[in-house]
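Student: Please give me a close look at one part of this protein, the loops and what lies around them. Set it in the context of the whole fold, and keep it brisk.

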Amino acid sequence: MAITTRQFDAVVVGAGGSGLRAALQLAEANLRVAVLSKVFPTRSHTVAAQGGVSASLGNEEPDNWHWHMYDTVKGSDYLGDQDAIEFMCRKANEAVIELEHYGMPFDRLDNGKIYQRPFGGHTSNYGERAVKRACAAADRTGHAMLHTLYQRNVRAKTQFFVEWMALDLIRNQAGDVLGVVAMEMETGEVTILQAKATLLATGGAGRIYAASTNAFINTGDGLGMAARAGIPLEDMEFWQFHPTGVAGAGVLITEGVRGEGGFLLNKNGERFMERYAPTVKDLASRDVVSRAMATEIKEGRGAGKDADHILLKLDHLGADVIDKRLPGIREIAKKFANVDPAKDPIPVVPTCHYQMGGIPTNMHGQVLAGHGGNAIIKGLYAAGECACVSVHGANRLGTNSLLDLLVFGKASGEQVVKDLGADAIAHQELPKDAADRALARLARLDSAKSGESVHEVGAELRRTMQLHCGVFRFPDSLAEGVRKIHEVAQRAGSLYFKDKSKVFNTARVEALELENLVEVAVSTMVSAHARQESRGAHDRSDFPDRDDAQWMKHTFWYKEGNRLEYRPVNLKPLTVESFEPKARVY
């Protein structure tokens, strides 16, 4: 079968915040860049980010990057690499001001400066009190950011491949990455996109859970491609459950609601966060708030007829404030919870939201080969939620996700420009079997005469993850989860379209996405079962304490052999003194 090959200087897979920020850096350097996206770029999942992007601008009260760095290190439960965290926090102001100059419509203070609101885990003077650090565009910050970056890319003449799905990485004998095999979703046509640099910006994989704030497109495609290509996945046991997803729907209710003065109540009308985080209360770190809510529900203080949710109260803010600062939240509450938050509280539950782990990279977006060292994979880069720098460690602070996109999207783009050089290196010769793996996957799907449906296997995958690897994790349940998720993985190897006359390319896409989700789910369950401590979002009932002596290290999962390796956390920042691990209280 003859396959068309198209050549570019760089291929970016994913058109969310990190992909667009990296692509902009490449296009403005006059590189020939192609951006692949399963959906139109402004529908990428960054559009759903609500609350803000963190930067210590100090527009309303004193703030500085060192406090931001401390909060991020503490929020990560000391699993974040402190060199990368310093890099991100020091770059934050520059990144936000640059975005402002691109035309980002931030909300404004009366003096014209960017409006900032408090957010969970962000404090002044090393934990003394909450600070206003989240730069916001009402409750649609991601939407504003994505449109701003897309328009800037159009201006730079970035080339977009819309409704294309990357299937597999192309590696040569030396291990260098030479591009991707991709499929046009409308026609099913497979094409090789050859590139001197390939950048994965495919976002998260929250659809491995039954209850998730993630869009249906968040299927971990970059992680699946990396795992199949022999690249490890880092810290996959750490998944953030956002405290406030709409009960029964999973739709996100931004932390900005609590930043504006909203608070949580149990069925007794008690502000219970005062018992769990007496200093910052409802603005504690997300893992702390989620566990507190889950505990309230588990101990019988949940609200509703089934006592299965918590109430988020914001009617005291008044309709005018809600309509000015949280207009999207009022709309979401009416549509998905059938309540008007200006009159009644919103029913909420902890919901899978963000993956802290991902494809291991350094601060410049270069993908690491693993094996306990810092060797890079030539030609491959990653940024955003699919990457693990690691700045989020065991738990991400709210608004650091959008900052991550900007800082490391730009940094990876700058590194690609540097690596390709002014004299534009030539393309390497493609291996003869460049497309074989991807074509074999498609052929297996099309030729199967028996098996299971994508829907059945996908539903079992999400049930297994939700039941065995959620907010709280129990030893017997984790062990059973490992067994079950391997069974699901085996079943995913024999997917079957019952009526081939009615198979559209969308069905093939869903099957390919499920294969990627399987890699993510297996790596998550196996890594969680192996980590015998409680740290950040990973809470083990049999190991309730953080164990710095044994587990101050990153997990690396390899698909080949289903094996784990570990590497120490980097506690040494770039220029300042280390923040030494200590008890994490709010």
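Tutor: First, a term. Helices (H or I, at least four residues) and strands (E, at least two) are DSSP runs, numbered from the N terminus. With that in hand, take S390. S390 sits in the loop that runs between β18 (387-388) and α11 (400-420). The peptide bond between V389 and S390 is cis, with omega at about 15°. Keep in mind that this is a predicted model.

Now move back along the chain to another loop. G365 belongs to the loop between β15 (359-360) and β16 (366-368). G365 counts as buried, because its relative accessibility is 3% and the cut-off for buried is under 20%. What does G365 touch, leaving aside its neighbours within four places in sequence? The contacts are L380, Y381, A382 and S412. A further pairing spans the sequence: G365 and E414 are 49 residues apart along the chain, and their C-alpha atoms are separated by 9.3 Å.

Strand β16 follows that loop. L368 is part of β16. At 4% relative accessibility, L368 is buried too. Leaving aside neighbours within four places in sequence, L368 has contacts that include P360, T361 and N362. N374, A375, I376 and I377 are also among them. So are I231, P232 and R567. Take I231 from that list. L368 and I231 lie 137 residues apart in sequence, yet their C-alpha atoms are 8.1 Å apart in space.

Two other loops hold residues with positive phi. N30 lies between α1 (17-27) and β2 (33-37). Its phi is near 65°, a positive value in a residue other than glycine. N30 is exposed, at 70% relative accessibility. E163 is in the loop between β6 (159-162) and β7 (164-171). Phi of E163 is also positive, near 65°, and E163 is not a glycine. At 42% relative accessibility, E163 is partly exposed.

Cysteines next. How many disulfides are there? The count comes to 0. C89 has its closest cysteine sulfur in C135, at 13 Å, which is too far for a bond. C89 is buried, with a relative accessible area of 1%. C386 is in no disulfide either; the nearest cysteine sulfur, in C388, is 11 Å away. C386 is buried as well, at 0% relative accessible area.

Now the wider setting. The protein has 16 helices and 20 strands. Its radius of gyration is 23 Å, close to the 25 Å that the globule rule gives for 586 residues, so the protein is as compact as a globular protein of that length. The C-alpha trace spans about 65 × 50 × 50 Å along its principal axes. Of the 586 residues, 63% are buried. G365 and L368 are among the buried residues, at 3% and 4%.

How much of the contact network joins residues 24 or more positions apart? Such pairs account for 74% of the contacts with a separation of 6 or more. The contact of L368 with I231, across 137 residues in sequence, is one of this kind.

Last, the surface and the charges. The exposed area is about 21600 Å², with 50% of it supplied by carbon and sulfur atoms. The side chains include 69 positive and 73 negative ones, and the centres of the two sets lie 2 Å apart.

Note on methods
Residues are numbered from 1 along each chain as its sequence is written. This is a predicted model: local features need pLDDT of at least 70, side-chain atom pairs count only at pLDDT 80 or more; totals for chains, interfaces and linings use all residues. Side-chain values use heavy atoms; hydrogens and water are left out. The radius of gyration is taken over C-alpha atoms; the globule rule is 2.2 Å times the number of residues to the power 0.38. Buried means under 20% relative accessible area, exposed over 50%, partly exposed in between (1.4 Å probe, protein chains only). Contact means heavy atoms within 4.5 Å. Accessible areas come from the Shrake-Rupley method with a 1.4 Å probe; for residues, only the protein chains shown count as cover. Lys and Arg count as positive and Asp and Glu as negative; His and the chain ends are not counted. The place of a charge is taken as NZ of Lys, CZ of Arg, CG of Asp or CD of Glu. A disulfide is a pair of cysteine sulfur atoms within 2.5 Å.
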